[in-house]
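I opened this notebook to keep track of what I looked up, going from the whole chain down to one helix.

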Amino acid sequence: MADKRVDELLESMTAAEKAGQMTQYFYFSAPPGKDQQPKAVEKALERGGAGSLLYVYDPAEINRLQRQAIEGSAHGIPALFAYDVIHGLRTILPVPIAMAASWDPEIIERGQAIAGREARAVGIHWTFAPMVDIARDPRWGRIIEGAGEDPVLGAAVAAAQVRGFQSAGIIAGPKHFGGYGAALGGRDYDEVNLSDYELWNVYFPPFRAAVEAGAGNIMTAYMDLNGVPATASRWLFTEVLRDTWGFDGFVVTDANAVRSLVVHGFARDFPDAAARALAAGVDMEMASEDPANDHLPEAVDSAALDVSVRRILDAKARLGLFDEPYVDEARARRILDDPAHREVAREAARRSAVLLRNEGDLLPLDPAALGTIAVLGPLADSKRDTLGPWVFDADVDETVTVLDGIRRAVGDRVRVEYATGVPVVQRLVPSMFDGDGSNVQADPPGFDPDTEFDRAVAVAAAADIAVIVVGEWQNMVGETASRSSLDLPGRQLDLLQAVVATGTPTVALIMNGRPLDLRWAAENVPAILDIWYPGTQGGDAVADLLFGAVSPAGRLPFTWPRTIGQIPMIHSHTRSHDPDNQSRRYWNEESTPLFPFGHGLGYGRISYHDLTVDQPSVALDGTVTVTVQVTNDADRETPEVVQLYLHQRHGGASRPMRELKAFRRVVIPPKTTLPVRFPIGPAERRYWHPISRAQVLDPSTFDLYVGGSSTATLTTTFEVTA
Ligand code: BGC
């Protein structure tokens, strides 16, 4: 819409109407058969006071509420409908940490494009995604929603998601700006104390990349950042986001975060909270009830609201809502059922799985050589857990579990025996998403805890191969799902040990959103495949990997610690004093991880060689081209993620021993060598300097490492001169 229409609206709107546009209300539809309770939001709609609603996803319901919004507004202004479309709406993709483990922006973009297409079809205009918070503490449950520990991988994944969502015509809202992932002790919502050095070099780059990819919205974070609630930080939302990065979309708060400014002991009361969030650069408040923004007209001049209201109306205009506010419900149903979306979900799950261990090439399995497969563990046949958290509109029945996938792949040729072995473990404190209980799993009918364990072990003993799924139930990870241990919940480790003790070759599939304590498994279970929560088509994708239709090529997006006591542990640490003396770190524990960042195996025979740099020396603004030859000696095509790490030997700051700077997923044909090239220029060498408080480039000697993980050994150097 031409700015003129927005100008005219702004001239004729009252302060209360403007504050209404700056308010987003929760709207939970009543479960089928139950009456809808009258809510504050309905009253707000009647008086044209709800600029946006969240949590509605039924197209008929969206049309109904949209009509109320338009009819209630003196100016016929439509509402924005928003939702947490995190990894799919109807078709569920692997969880975000899994998508990041693909190290593959192409499939990530494709995945979020189908999520966006389904969302737009039902009338959702905006998703609260991607979550681009760096997470270096796996106690924090929301590690599952992001891309892990690394700013370069995080930035690539963030940008791909924004492109994907927005290509489908919905607004992407990267969150939670900024530093939310560094909560003290990994406790969700706890305060964050991060240096500017870490913020600029580690926590900000994914947000910046999302802004550069054109994200239309940014969400604030709940916690205090260095003493000031993020939601009221003018530094974050005005100086960094708008003035430095040129963000021109609108900012929404996290749920009730304006009201929380009072809870934090920061704002005096709601009017003060609303005025201070506005002054920081916030445009819209997300509120479950009684919004603080209702007090804006009494707290500030009407004209002070215009900048925010204009941003919100511009967003509605760009979406075409003034001309076409309603959706076609029949078309929505067709799009939700699109089989092409399931294919993308299957491909995404194939590319996300990480083969952590494969002793003696146990995988891939050859069905022709197997009489019986034992499939074990309650997670192996749990549809709801296969989907992971942040799933609301999925058709759970449609979900393909690991057991389903294996059965479908082998058909009648191989017997598949299933035993759960151990009971379902419930989270001690119900998750905020358990709601009516439909998210909570129950033991299968007839489950007998006294005999089931032994039955499972007997099933394993009688089989040619045991495939056991262990991990966390989906509501044990995610928002408000922090943990103080990384153990496998319940008796899962006992079951794994008993199964391995039968002598039957065992494959452990890990269903998780955070690293778990796999010390025993990493030494005793020959094959370990991390399948995460793989989504709607998860079981089929897992079968594709187990039986070798495709080779795994996922790579860890975080450092996998041995024990919780090592946290935080990252690949990009500095060298520091006496680095070779291990005992100066922990005298009771290795200072290496269980699996390094970037680790992941495949079915090919990959080797790296002939690493070269086209010039031995370049000026500060110069770029070298790095070339490495990657050979696949196997008889099968193999995807591989080529990773490049950089180390600056000296300069104005002690820089990390290794930092990921570039990567590429390539598919290498059988018996072939491919050259892979990366330009390494100022963008890869620049960092934010803590004393000059600016981005700098240092002359120095740089070490390059290229290979299949952050422990790559193939190395060379180049010089950068002043
Ligand atoms: C979460 C956000 C989410 C919002 C709306 C909050 O509790 O922190 O990530 O988008 O709820 O569901």
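I took buried to mean under 20% relative accessible area, exposed over 50%, and partly exposed in between, with a 1.4 Å probe and protein chains only. By that cut-off I found that 61% of the 722 residues of the protein count as buried. I noted that this is a predicted model, in which local features need pLDDT of at least 70 and side-chain atom pairs count only at pLDDT 80 or more, while totals for chains, interfaces and linings use all residues. Residues are numbered from 1 along each chain as its sequence is written, and side-chain values use heavy atoms, with hydrogens and water left out.

Next I looked up the overall form. The radius of gyration, taken over C-alpha atoms, is 26 Å, close to the 27 Å of the globule rule (2.2 Å times the number of residues to the power 0.38), so the protein is as compact as a globular protein of that length. I read its C-alpha trace as spanning about 75 × 70 × 45 Å along the principal axes.

Then I turned to helix H18, residues 402–410, where helices are DSSP runs of H or I with at least four residues, strands are E runs of at least two, and both are numbered from the N terminus. In H18 I found Val-402, Leu-403, Gly-405, Ile-406 and Val-410 buried. Seen down the axis, the buried residues of H18 fall within an arc of 165 degrees (from the directions of the helix axis to the C-beta atoms), so they line one face of the helix. Their cover, counted by contact (heavy atoms within 4.5 Å), includes strands S12, S13, S14 and S15 and helix H22. After H18 comes Gly-411, with a positive phi near 55 degrees.
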